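Here's a quick briefing to read with the model open in your viewer. It runs through cysteines, charges, backbone angles and a couple of distances.

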Amino acid sequence: TYVVTENCIQCKYTDCVDVCPVDCFYEGPNFLVIHPDECIDCGLCEPECPAEAIFAEDDLPAEQQHFVALNAELAERW
Ligand code: SF4
């Protein structure tokens, strides 16, 4: 699955949402998140993000690992 990370916080772009074929982006408190069960791993959103906030889970930098759980949690709640 793909994961939205720190750089998305307060970002105003929604290019990722526009390209996602399955509409699995959800609005969190101050950034977008990807629903891990809905993401089909197409990879289309990653190059579209102007903030470079989207990573494949396998490519996540170590300091962004906690965003895996945050995406999952916030996608359900918001
Ligand atoms: Fe949507 Fe594809 Fe990005 Fe997953 S990888 S969030 S399905 S655009």
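Keep in mind that this is a predicted model. Searching the whole structure turns up 0 disulfides and 1 salt bridge. There's also a negative surface patch, with D58 as one of its members, and D58 sits in the loop between β4 (54-56) and α3 (66-77).

**Cysteines**

- Why is C8 not bonded to C11? The closest cysteine sulfur to that of C8 belongs to C11, and it is 5.4 Å away, so the pair is too far apart for a bond. The cut-off for a disulfide is 2.5 Å between the sulfur atoms.
- C49 is in no disulfide either: its nearest cysteine sulfur is again that of C11, at 6.0 Å.
- Is C8 buried or exposed? C8 counts as buried, because its relative accessible area is 8% and the limit for buried is under 20%.
- C49 is buried as well, since its relative accessibility comes to 12%.

**The salt bridge**

- E73 pairs with R77, and their closest N and O atoms are 2.4 Å apart. That fits the 4 Å cut-off for a salt bridge.
- In general, side chains of opposite charge can pair when their charged atoms come close.
- Both partners, E73 and R77, belong to helix α3, where a spacing of 4 residues puts them about one turn of the helix apart.
- How accessible are the two ends? E73 is partly exposed at 42% relative accessible area, while R77 reaches 54% and counts as exposed.

**The negative patch**

- Which residues form the patch? The members are D41, E46, E52, E57, D58 and D59.
- D58 is exposed, with 78% relative accessible area. That clears the cut-off of over 30% that a residue needs to join a patch.
- D41 belongs to the patch too, and its 43% relative accessible area makes it partly exposed.
- You'll find D41 in the loop between β3 (32-34) and α2 (45-48).

**Positive phi angles**

- As background for this group, most residues other than glycine have a negative phi.
- D41 goes the other way: its phi is near 65°, a positive value in a residue other than glycine.
- Q10 also has a positive phi, near 70°, and it isn't a glycine.
- Where is Q10? Look in the loop between β1 and α1.
- Q10 is exposed, as its relative accessible area is 52% and exposed means over 50%.

**Loop positions and distances**

- I9 lies in the loop between β1 (2-4) and α1 (15-19), and it is partly exposed with a relative accessible area of 31%.
- How far is I9 from G28 in space? The C-alpha to C-alpha distance is 9.4 Å, with their positions 19 residues apart in sequence.
- V22 is in the loop between α1 and β2 (25-27), and at 32% relative accessible area it counts as partly exposed.
- V22 and A51 are 29 residues apart along the chain, and their C-alpha atoms are separated by 21 Å.

How values were computed: Residues numbered from 1 in each chain as written. Predicted model: local features only at pLDDT ≥ 70, side-chain atom pairs only at ≥ 80, totals over all residues. Heavy atoms only, no water. Patch = residues over 30% accessible without salt bridge, like charges linked within 9 Å, V, L, I, M, F, W, Y side chains within 5 Å. Areas by Shrake-Rupley, 256 points an atom, 1.4 Å probe, with all protein chains shown as cover. Salt bridge = Lys/Arg side-chain N within 4 Å of Asp/Glu carboxyl O. Lys, Arg positive; Asp, Glu negative; His and termini not counted. Charge placed at Lys NZ, Arg CZ, Asp CG, Glu CD. Helix = DSSP H or I, 4+ residues; strand = E, 2+ residues; numbered from the N terminus. Buried < 20%, exposed > 50% of the residue type's maximum accessible area, 1.4 Å probe, protein only.
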